[in-house]
Amino acid sequence: MKINAKYRNVIFAFLMAFSISMLISFILVSINVGYNNIFLQAWLKNWGMAFIIAFFGAYFFPRFVQKIMGKIIFVEKPSKKSKSAPLS
């Protein structure tokens, strides 16, 4: 399947939102409702709402997070193996 590269971010956000919202809504409905006769109906309803929210979050949040990450200075902790000789 070949898709134009300009849709990469939208497809990534869609797939991430689809899978994460499915998993989280399944677990939360399992905990709150249990496995009974309304489980499937409750899960699908909640998954639909969760997907819409997750899609917009997965599409827009990375932009803001990248801006924040750009302002953080990361340093590597020196390894114990590479001790330098003391200066005289």
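Is methionine 22 buried, partly exposed or exposed? At 30% relative accessibility, methionine 22 counts as partly exposed, where buried means under 20% relative accessible area, exposed over 50% and partly exposed in between (1.4 Å probe, protein chains only).

The model is predicted, so local features need pLDDT of at least 70 and side-chain atom pairs count only at pLDDT 80 or more, while totals for chains, interfaces and linings use all residues. Residues are numbered from 1 along each chain as its sequence is written, and side-chain values use heavy atoms, with hydrogens and water left out.

**Stop 1: methionine 22**

Select methionine 22, which lies in helix α1 (residues 8-32). Helices here are DSSP runs of H or I with at least four residues, strands are runs of E with at least two, and both are numbered from the N terminus. Leaving aside residues up to four places away in sequence, methionine 22 touches Ala17, Trp43 and Trp47; contact means heavy atoms within 4.5 Å. Next, add phenylalanine 51: this residue and methionine 22 are 29 residues apart in sequence and 7.5 Å apart in space, C-alpha to C-alpha.

**Stop 2: the aromatic rings**

A pair of aromatic rings is described by the distance of the centres and the angle of the planes. Rings of Phe, Tyr and Trp (its six-membered ring) pair if their centres lie within 6.5 Å; planes under 30 degrees apart count as stacked, over 60 as edge-to-face and the rest as tilted. The structure holds 15 aromatic pairs. Select phenylalanine 26 and tyrosine 35: their ring centres are 6.4 Å apart and their planes stand at 50°, so the pair is tilted. Phenylalanine 26 is partly exposed at 29% relative accessible area, whereas tyrosine 35 counts as exposed at 62%.

Move on to tryptophan 43 and tryptophan 47, whose ring centres are 5.2 Å apart with planes at 10°, so this pair is stacked. Both tryptophans lie in helix α2 (residues 39-71), four residues apart, about one turn of the helix. Tryptophan 43 counts as buried at 12% relative accessibility, and tryptophan 47 counts as buried at 15%. To view the wider setting, select the one aromatic cluster that includes Phe14, Phe26, Tyr35, Trp43, Trp47 and Phe60.

**Stop 3: the nonpolar core**

Select Val29, Phe39, Ala42, Trp43 and Trp47, the five residues of the largest nonpolar core. Helix α2 gives the most to this core, with four residues. Such a core is a set of buried Ala, Val, Leu, Ile, Met, Phe, Trp, Tyr and Cys residues joined through side-chain atoms within 4.5 Å. Around valine 29, show its contacts with Gly34, Phe39, Ala42, Trp43 and Asn46, not counting residues up to four places away in sequence.

**Stop 4: along helix α2**

Glycine 57 is placed in helix α2 and is buried, with a relative accessible area of 16%. From glycine 57 to methionine 1 the C-alpha distance is 26 Å, with their positions 56 residues apart in sequence counted as separation.

Isoleucine 68 is also found in helix α2, and is exposed at 53% relative accessible area. Isoleucine 68 and asparagine 9 are 59 residues apart in sequence and 19 Å apart in space, C-alpha to C-alpha. Finish at methionine 69, likewise in helix α2, which is partly exposed at 38%.
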